[in-house]
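Here is a short briefing to read with the model open beside you. It starts with a metal site and then moves on to the pockets.

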Amino acid sequence: MNKLISIMSAAVLTASAVQIAPANAAPDPMVYVPSVSFKAEASDYARVLSDGSVVINKRDFPKDTDLALKCSIYVHDESLAAGVVTPQWKSSSPLLALDNLVNVYKPPVEFAYAQKNDKGELFARYTVIVSNNKDLNIMSFVCMSASMSGDTSSLVPYGEASDSFPLTSFDVKIDPSIEEGDQKIFFIVEDVDYENQSRTEIYLNTEDGDRKLIPEVNDLKISIADYKLGDVDEDGSISSADATQALIAYSELSVGSEVSLSNNQQFAADVNGDTQINSSDATAILAYYSYLSTFSGETPLSIEEYTK
Ligand SMILES: [Ca+2]
Ligand SMILES: [Ca+2]
């Protein structure tokens, strides 16, 4: 019984210790693991779902225009102890070509670790090295405080946090002949193309010197598809039958059985883009169907515009 009580009081103590610690205390750089992620920009043919993944719709490709998915990279470092950040990333397909990597100092732009001088002008306080290996479809961006030889200063974020601004930006040029299926832009954390390949690393300044680590990485999933949003049964129009199909898929998914819709049909069914198919999507389809049925103007809104 005594043992149980002491365990319980230890638990209570731990709980109160957690409460006493200030909510905004920076995590300990000796143990903390920062993360890196991508963020893609939506466009006429690229939907960004609620989990950040992208669905490229071949049906909406414009003619005679370069297809470029705009992407940015973010560093999430709550310890603010990063002295060097070296994201390296690669595309899973040559038909998604990495291009136009922004060197944040040419001309200077606001980025994660930008700095302003006394006159309020952006200037190059930190060393930045960018490279784009088009043969291997790899990009690399290195940002480091003044020197790597014993300098223990940390990168000072430009905004309130390290992820208030992107580290840098780039384009993913899409070859229109790309086939349907899943692709990704991923951070390199192990050898992919050759031995001892540079990888995504962050050096945190600690009391014991540099702590070099591989951050948590959040890759960018890119699905190539061909569908019309809301037209789940693929008959070319949006009607109550599509809502019914979405509901059937929902009931299949909720009992854990395999969904009878194709990938394209599933993208068509997820009208609100939350990566789930459920009654909200069916409701949205019905609402849009009823809007269309009573519409008397010239050009009705698209389902994308209507559900915004
Ligand atoms: Ca339909
Ligand atoms: Ca949904």
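A metal site with six donors counts as octahedral if opposite donors are over 155 degrees apart and all others lie between 65 and 115 degrees; a six-donor site that fails this is called irregular. Keep that rule in mind for the calcium ion (ligand 2), whose 6 donor atoms make angles of 52 to 162°. Please note that this is a predicted model.

**The calcium site**

- The calcium ion (ligand 2) is held at 2.3 to 2.6 Å by Asp270 (OD), Asn272 (OD1), Asp274 (OD), Gln276 (O), Asp281 (OD) and Asp281 (OD).
- The site is irregular, because 52° falls outside the 65 to 115 degrees that an octahedral site needs and is not over 155 degrees either.
- Read along the chain, the donors of the calcium ion (ligand 2) follow the spacing D-x1-N-x1-D-x1-Q-x4-D.
- Asp270 sits in the loop between helix 3 and helix 4 (279-294), while Asp281 belongs to helix 4, so this pair ties together parts that are 11 residues apart in sequence.
- Both Asp270 and Asp281 are buried.

**The largest pocket**

- The volume of the largest pocket is about 470 Å³.
- Its lining is made by 20 residues, and the closest to the pocket centre are Arg47, Leu229, Glu304, Glu305 and Lys308.
- Strand 2 (46-48), strand 3 (54-57) and helix 5 (303-306) are the elements that give two or more residues to this lining.
- Strand 2 gives the most, with 3 residues.
- Sorted by class, the lining of the largest pocket has 8 nonpolar, 6 polar and 6 charged residues.
- Where does the largest pocket lie with respect to domain 1 (35-225) and domain 2 (240-306)? Both domains give residues to the lining, so the pocket lies between them.

**The second largest pocket**

- The second largest pocket holds about 360 Å³ of space.
- Which of its 19 lining residues are the closest to its centre? They are Lys221, Ser223, Asn263, Gln266 and Phe267.
- Two or more lining residues come from each of strand 13 (181-187), strand 17 (220-225) and helix 3 (263-269).
- The lining of the second largest pocket has 6 nonpolar, 8 polar and 5 charged residues.
- Domain 1 (35-225) and domain 2 (240-306) each supply at least three residues to the lining of the second largest pocket.

How values were computed:
Residues are numbered from 1 along each chain as its sequence is written. Chains are lettered from A and ligands numbered from 1 in the order in which they are written. This is a predicted model: local features need pLDDT of at least 70, side-chain atom pairs count only at pLDDT 80 or more; totals for chains, interfaces and linings use all residues. Side-chain values use heavy atoms; hydrogens and water are left out. On a 1 Å grid over the protein atoms alone, a cavity is a set of points where a 1.4 Å probe fits but cannot get out, and a pocket is an open set with protein on both sides within 12 Å along at least five of seven lines; lining residues have an atom within 4 Å of a point. Grid points are joined across faces, edges and corners, and a volume is the space filled by probe spheres set on the points. Helices (H or I, at least four residues) and strands (E, at least two) are DSSP runs, numbered from the N terminus. Ala, Val, Leu, Ile, Met, Phe, Trp, Tyr, Cys and Pro count as nonpolar, Asp, Glu, Lys and Arg as charged, and the others, Gly among them, as polar. Domain bounds come from an automatic or database domain assignment. Donors are N, O and S atoms within 2.8 Å of the metal (3.2 Å for Na, K and Ca); water is not among the atoms, so sites may look incomplete. Four donors count as tetrahedral if all angles lie between 85 and 135 degrees; four count as square planar and six as octahedral if opposite donors are over 155 degrees apart and all others between 65 and 115; anything else is irregular. Buried means under 20% relative accessible area, exposed over 50%, partly exposed in between (1.4 Å probe, protein chains only).
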